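The following paragraphs lead the reader through a protein model, step by step. Please keep the sequence and the three-dimensional view at hand while reading.

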Amino acid sequence: MKKKTLLIKAAGAALAIMASGAMAQQSWPAKPVTLVVPYTAGGSADAIGRRLGDALRKEANVTVIVENKPGAGASVGTDFVARAQPDGTTLLLASTSPLTIFPHLAKTNYDPMKDLTPVASVAVAPVAIVATKSLPVKDFAGLVEYAKSHPEGVRYGTPGQGTVAHIGMAAVTTQTGTKMLHVPYRGNSQALTDGLGGVIELLVVNSDVVLPHVANGALKPLAVMAPQRLAAWPDVPTMAELKLPQAQYYSNFGVFAPAKLPPAVSQPLQAALAKAVASAEFQDLLAKSYLQPGTASGDAFAKQVQAEFTNNARIIKEGNIKAE
């Protein structure tokens, strides 16, 4: 009888543990979720964050408040999330740049590899290497050949110092043994204006910025820094296809949480994000904005971020890249 009582108690304890685990998973989110976008309203990240919030509300029955917290190269919003409780109700929607580039250029209040948990990549904004009318080349091989015979004779415009486009081209010049002159602008549109005007020879900007000008023949794409070729340019190779995998740079937009996120929170959160990203609503945004699907989630995404952080440190040091 005593043995039977012990077995009943043990079984009850096991069921209690299982039930508490199930309740922990079901309890996410315990309150409305704040999705912090560390940029001003109106940009790519803001559009992705708001559409993702809409999809989460619909697909996962989650209350989501999207809040813009711009400033200091996205570090203001990033630091806010890094200091939040790891309960999955305060999240960051940002490109990987505030974690893998900015900390190498300026001091931050957060440790990007210790204070945040990469949850999932949700969208990729490809960066394109595009020749202007001032550059007499037909393809990427022609660019390398021309640059080698004209040291610093190729000026490439990017959206700014220390951006993904700048770091990516620094990797290109290092790996190809070329010297090109960086011309930083304050945003894609200013670089585009000078590119179309023939002031610079090369543009390294988000692909959606130049798509219409490539279509009308004003610009010629030479390569894309993206995980896969663009549907709009099926004949334009990726950097990996050009045997330059370490120059495969793009704006990888992901969701990040504070450090020490427990599995009882991270697992249902990842599942909810997967449903939201797969929704027709979010896929419509990807198609209309010329974005590509996210690259990974969970541990795989965390490894990507760590590798990007390490590679950027090397490129920034080798290129002697400084903040503006």
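A convenient place to begin is Thr 173, which is located in helix α7. The model is a predicted one, and the values discussed here are computed from it. Is Thr 173 buried or exposed? Its relative accessibility is 14%, and because buried means under 20% relative accessible area, Thr 173 counts as buried. A polar atom of the Thr 173 side chain lies 2.9 Å from the backbone oxygen of Ala 170. When neighbours within four places in sequence are left aside, Thr 173 is in contact with Thr 178 and Met 180. Ala 45 stands 128 residues away from Thr 173 along the chain, and the C-alpha atoms of these two residues are separated by 28 Å.

Helix α7, which comprises residues 164-176, also contains His 166. This residue has a relative accessibility of 5% and therefore counts as buried. Which residues surround His 166, leaving aside its neighbours within four places in sequence? The contacts are with Tyr 156, Thr 158, Gly 160, Gln 161, His 182 and Ile 321. In addition, the side chain of His 166 reaches the backbone nitrogen of Gly 162 at a distance of 2.9 Å.

The view may now be widened to the whole protein chain. Its secondary structure consists of 12 helices and 10 strands. The C-alpha atoms fill a box of roughly 90 × 40 × 35 Å, taken along the principal axes. Of the 324 residues in the chain, 49% are buried. The chain exposes about 15100 Å², and carbon and sulfur atoms supply 55% of that area. How do the contacts relate to the sequence? Among contacts between residues at least 6 apart in sequence, 77% join residues at least 24 apart.

Attention may next turn to a pair of strands and the helix that links them. Strand β1 covers residues 33-37, strand β2 covers residues 64-68, and the two pair in the parallel sense over five bridges. Between β1 and β2 the chain passes through helix α2, residues 44-60, and this β-α-β crossover is right-handed. Within the strand pair, Val 37 stands opposite Asn 68 in β2. As a general point, the side chains of a regular strand alternate between the two faces of the sheet.

Helix α2 itself has 17 residues. From its first C-alpha to its last, α2 reaches 23 Å, close to the 24 Å expected at 1.5 Å a residue. The buried residues in α2 are Ala 45, Asp 46, Ile 48, Gly 49, Leu 52, Gly 53, Ala 55 and Leu 56. The residue that follows α2 is Asn 61, which has a positive phi, near 55°.

Asp 46 deserves a separate look within helix α2. Its relative accessibility is 7%, so Asp 46 counts as buried. A polar atom of its side chain lies 3.0 Å from the backbone nitrogen of Gly 42. Not counting residues up to four places away in sequence, Asp 46 touches Val 37, Thr 40, Ala 41 and Asn 68. Two of these names have already appeared in the strand pair, where Val 37 stands opposite Asn 68.

Other positions deserve notice for their backbone angles. Ala 72 is not a glycine, yet it has a positive phi of about 55°. Ala 72 is placed in the loop between β2 and α3, the latter being residues 75-82. With a relative accessible area of 49%, Ala 72 is partly exposed. Tyr 290, likewise a residue other than glycine, has a positive phi near 55°. The loop that holds Tyr 290 runs between α11 (280-288) and β10 (292-293). Tyr 290 has a relative accessibility of 46% and counts as partly exposed.

The last stop is Lys 220, which lies in strand β8, residues 220-225. With a relative accessible area of 39%, Lys 220 is partly exposed. How far from Lys 133 is Lys 220 in sequence and in space? The two are 87 residues apart in sequence and 8.3 Å apart in space, C-alpha to C-alpha. Not counting residues up to four places away in sequence, Lys 220 touches Ile 129, Val 130, Ala 131, Val 137 and Lys 138.

Key: Residues numbered from 1 in each chain as written. Predicted model: local features only at pLDDT ≥ 70, side-chain atom pairs only at ≥ 80, totals over all residues. Heavy atoms only, no water. Pairing = 2+ DSSP bridges. Helix = DSSP H or I, 4+ residues; strand = E, 2+ residues; numbered from the N terminus. Right-handed = clockwise from strand over helix to strand, strands pointing away. Buried < 20%, exposed > 50% of the residue type's maximum accessible area, 1.4 Å probe, protein only. Contact = heavy atoms within 4.5 Å. Polar contact = N/O pair within 3.5 Å; in protein donor to acceptor, adjacent residues only side chain to side chain. Areas by Shrake-Rupley, 256 points an atom, 1.4 Å probe, with all protein chains shown as cover. Expected span 1.5 Å × (residues − 1).
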